[in-house]
Amino acid sequence: MLDELQHATLDLACSQSRLRDPLDGIVLSAATMSNTTTTQTSQTYQFPSKTVVTDWPLIDNDPHFKRVVGYARPSDYVHGAVATAFGPGLLYTMERFAPSYVGKGGFAQAMRLTGFIGACGGFFYFYQRSILRFYGMSENAREVQMDMREMVDKVKAGKPLYGESQLTPAMQGVAARQSRYSALFMGVLPWFNFVNHSQHGVDTAKYYQQAERELEAERLSKSS
């Protein structure tokens, strides 16, 4: 009788142990999830930007100000200069054929104001013509080649593709979201990108692949 009671007590203890195991697993899983959540919240995630379908390849959906100006074509300068001179030229022509009689110094002030407004408008027009090629919204074969050459050279030199930045990845993402495709709103609110960041809407693997091909070709040419 005593042996049967001991066996029954042992079986009950084993059953309780098996019942506790799942609970222990749940508690352990909860602790693990808590630690994982804490770790994840301290990381920074970069989500791909929306892809805009265009007739030409995308080069950069948020190019740096220097790149936009540096990649400009001579025709962009011509169009910008014409747009700059249009306002003052029109005002001068109107003054010649229909004098305003504003008095001494009045017309000079009007010309200076018109010249300033024309210069701003001309620069915005010049800038937008250049940046639209980065967006792939106008013909950009020349810029595609220039971009590939610039980036491949940086890869070979071991430099960061889009320059060094003092900002954290989180703040770089904020800057990118503020100025991405901003040139499409240029007529309402001029907005430029002066921040170096790595979020430009393109797969940068193509630059490294091209650099590898060129380095391999150089190695083969030297060995032969």
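The predicted model contains 14 salt bridges. One of them joins the side chains of Glu 150 and Arg 67, with an N to O distance of 3.3 Å. This pair links distant parts of the chain. Glu 150 belongs to helix H5 (residues 141-157), whereas Arg 67 lies in helix H2, and the two are 83 residues apart. Side chains of opposite charge can pair when their charged atoms come close.

Confidence varies along the protein. The mean pLDDT is 83, and 79% of residues reach 70 or more. Helix H2 (residues 65-70), which supplies Arg 67 to the salt bridge, has the highest mean pLDDT among the elements, at 97. Helix H1 (residues 2-41) has the lowest, at 44. Over residues 12-45, pLDDT stays under 50. For that stretch the model has 3 contacts beyond four places in sequence.

The structure holds 1 cavity of 30 Å³ or more. The volume of the largest cavity is about 40 Å³. Its lining includes the aromatic residues Tyr 127, Tyr 135, Trp 191 and Phe 192. Asp 62, Pro 63, Ile 131, Ser 179, Ser 182 and Asn 193 also line the cavity.

Trp 191 also contributes to a nonpolar patch on the surface. Phe 185, Val 188 and Leu 189 make up the patch together with Trp 191. The patch covers about 420 Å². Phe 185 is placed in the loop between helix H6 (169-179) and helix H7 (205-223). Trp 191 is thus listed both in the cavity lining and in the surface patch.

Methods. Residues numbered from 1 in each chain as written. Predicted model: local features only at pLDDT ≥ 70, side-chain atom pairs only at ≥ 80, totals over all residues. Heavy atoms only, no water. Patch = residues over 30% accessible without salt bridge, like charges linked within 9 Å, V, L, I, M, F, W, Y side chains within 5 Å. Areas by Shrake-Rupley, 256 points an atom, 1.4 Å probe, with all protein chains shown as cover. Salt bridge = Lys/Arg side-chain N within 4 Å of Asp/Glu carboxyl O. Helix = DSSP H or I, 4+ residues; strand = E, 2+ residues; numbered from the N terminus. pLDDT = per-residue confidence, 0-100. Contact = heavy atoms within 4.5 Å. 1 Å grid on protein atoms, 1.4 Å probe; cavity = no way out; pocket = protein on both sides within 12 Å on 5 of 7 lines; lining within 4 Å. Points joined across faces, edges and corners; volume = space filled by probe spheres on them.
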